[in-house]
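Biologist: I've just opened this one and I'd like to know where the labels come from. Can we go through them together?

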Amino acid sequence: EDIDGECLLSLTEKQIDGLNLSISHSIKLQKLVKNLVVESASAFLRKSVKHSGLCANDSVMDFEERNDDLISAIEKLTEVAADPLSNSEEKFPVILILKESSDGRQIVKSFMDHNEAYMEIEERKTLVRILVSHMCMLSGKEDFYPPSSLKEKLAKAIVTAFPCMAVPCHEGSSLTNYTHYYNLKLTNGFIDTRLKTMWTKSE
């Protein structure tokens with residue numbers, strides 16, 4: 001909600017990934033931004049040519065020589081603005097975190113190859129391993145005892161990025177669509193299970 005029109009045109013693929021959208025929404029937003037940048041550049045070009053005094057008989061060389069500043073202006077349209085996520089409290093931009101490792105990038109690619117319909121069991125295990133490790137390092141040092149609120153945020157972020165991994169919940173149920181990843185009343189969710197494994201290995 002803090003991103004205005006100017007920031008939108010300046011968003012990079014990495015920044016869009018950091019918005020923690022589902023993969024399909026992330027791709028659609030990336031495509032939209034690219035189209036908007038092209039449209040803005042084209043409009044700027046047409047306006048600049050109109051006021052540059054060029055006519056149909058001008059050569060391409062004349063155009064290039066007289067419009068170096070125009071080219072620079074167009075390039076500025078695609079420069080990266082200040083990162084709109086820099087002040088965000090969002091700790092789990094899942095797709096961005098995954099893309100930082102080769103295993104994570106493979107998970108994202110495989111998921112797209114499957115038309116976002118499912119994820120293999122081993123891929124789910126790897127996903128949890130990568131994301132829980134990220135969570136444990138948020139304080140700057142390895143912490144195997146993150147607060148419940150942090151574990152719940154991670155669980156929510158996972159099913160937001162990968163909707164097919166959410167579980168259906170009946171109306172009025174005390175369970176959530178991410179309860180298999182984390183449930184405050186239980187300790188057998190995927191996140192807590194991974195933490196227990198990490199505790200054991202560290203001893």
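Biologist: How many aromatic pairs does a search of the whole structure find?

Modeller: Three aromatic pairs turn up. Keep in mind that this is a predicted model.

Biologist: Take F111 and F162. Why is this pair called edge-to-face?

Modeller: The ring centres of F111 and F162 are 4.9 Å apart, and rings pair if their centres lie within 6.5 Å. The planes make an angle of 85°, and edge-to-face needs over 60. So F111 and F162 count as an edge-to-face pair.

Biologist: What makes F111 and F162 a link between separate parts?

Modeller: Their places in the sequence. F111 sits in helix α7 (residues 102–113), while F162 is in the loop between α9 (148–161) and α10 (190–202), so the pair ties together parts that are 51 residues apart in sequence. Both F111 and F162 are buried, too.

Biologist: And why does the pair of Y181 and F190 get the edge-to-face label?

Modeller: Here the centres are 5.2 Å apart and the planes meet at 80°. The limits are within 6.5 Å for the centres and over 60 degrees for the planes, so the label fits Y181 and F190.

Biologist: How do you know whether Y181 is buried or exposed?

Modeller: Y181 has a relative accessible area of 1%. Buried means under 20%, so Y181 is buried. Its partner F190 comes in at 40%; that lies between the 20% and 50% limits, so F190 is called partly exposed.

Biologist: Where does N183 lie, and what does its side chain contact?

Modeller: N183 is in the loop between α9 and α10. Its side chain makes a polar contact with the side chain of T179 at 2.7 Å. A polar atom of the N183 side chain also lies 2.8 Å from the backbone nitrogen of K185. With 14% relative accessibility, under the 20% limit, N183 counts as buried.

Biologist: How do you know that the span of α9 is close to what is expected?

Modeller: α9 has 14 residues and reaches 20 Å from its first C-alpha to its last, against 20 Å expected at 1.5 Å a residue. Its buried residues include L150, L154, I158 and A161.

Biologist: Which residues have the most contacts inside the largest nonpolar core?

Modeller: Those are L127, V132, F162 and I191, in a core of 32 residues. The elements giving two or more residues to this core are α6 (94–98), α7, α8 (121–136), α9 and α10. Setting aside residues up to four places away in sequence, V132 touches L154, I191, R194, L195 and M198.

Biologist: What makes N115 and E116 worth a look?

Modeller: Their phi angles. Most residues other than glycine have a negative phi. N115 has a positive phi of about 55°, and E116 has one of about 60°, although neither is a glycine. N115 lies in the loop between α7 and α8, and E116 is found there as well.

Biologist: Why is N115 called exposed but E116 partly exposed?

Modeller: N115 has a relative accessible area of 67%, over the 50% limit, so N115 is exposed. E116 has 23%, which falls between 20% and 50%, so E116 is partly exposed.

Biologist: And how many helices and strands does the protein come to?

Modeller: There are 10 helices and zero strands. Of the 203 residues in the protein, 32% are buried.

Conventions:
Residues numbered from 1 in each chain as written. Predicted model: local features only at pLDDT ≥ 70, side-chain atom pairs only at ≥ 80, totals over all residues. Heavy atoms only, no water. Phe/Tyr/Trp six-rings, centres within 6.5 Å; stacked < 30°, edge-to-face > 60°. Helix = DSSP H or I, 4+ residues; strand = E, 2+ residues; numbered from the N terminus. Buried < 20%, exposed > 50% of the residue type's maximum accessible area, 1.4 Å probe, protein only. Polar contact = N/O pair within 3.5 Å; in protein donor to acceptor, adjacent residues only side chain to side chain. Expected span 1.5 Å × (residues − 1). Core = buried A, V, L, I, M, F, W, Y, C linked by side-chain atoms within 4.5 Å. Contact = heavy atoms within 4.5 Å.
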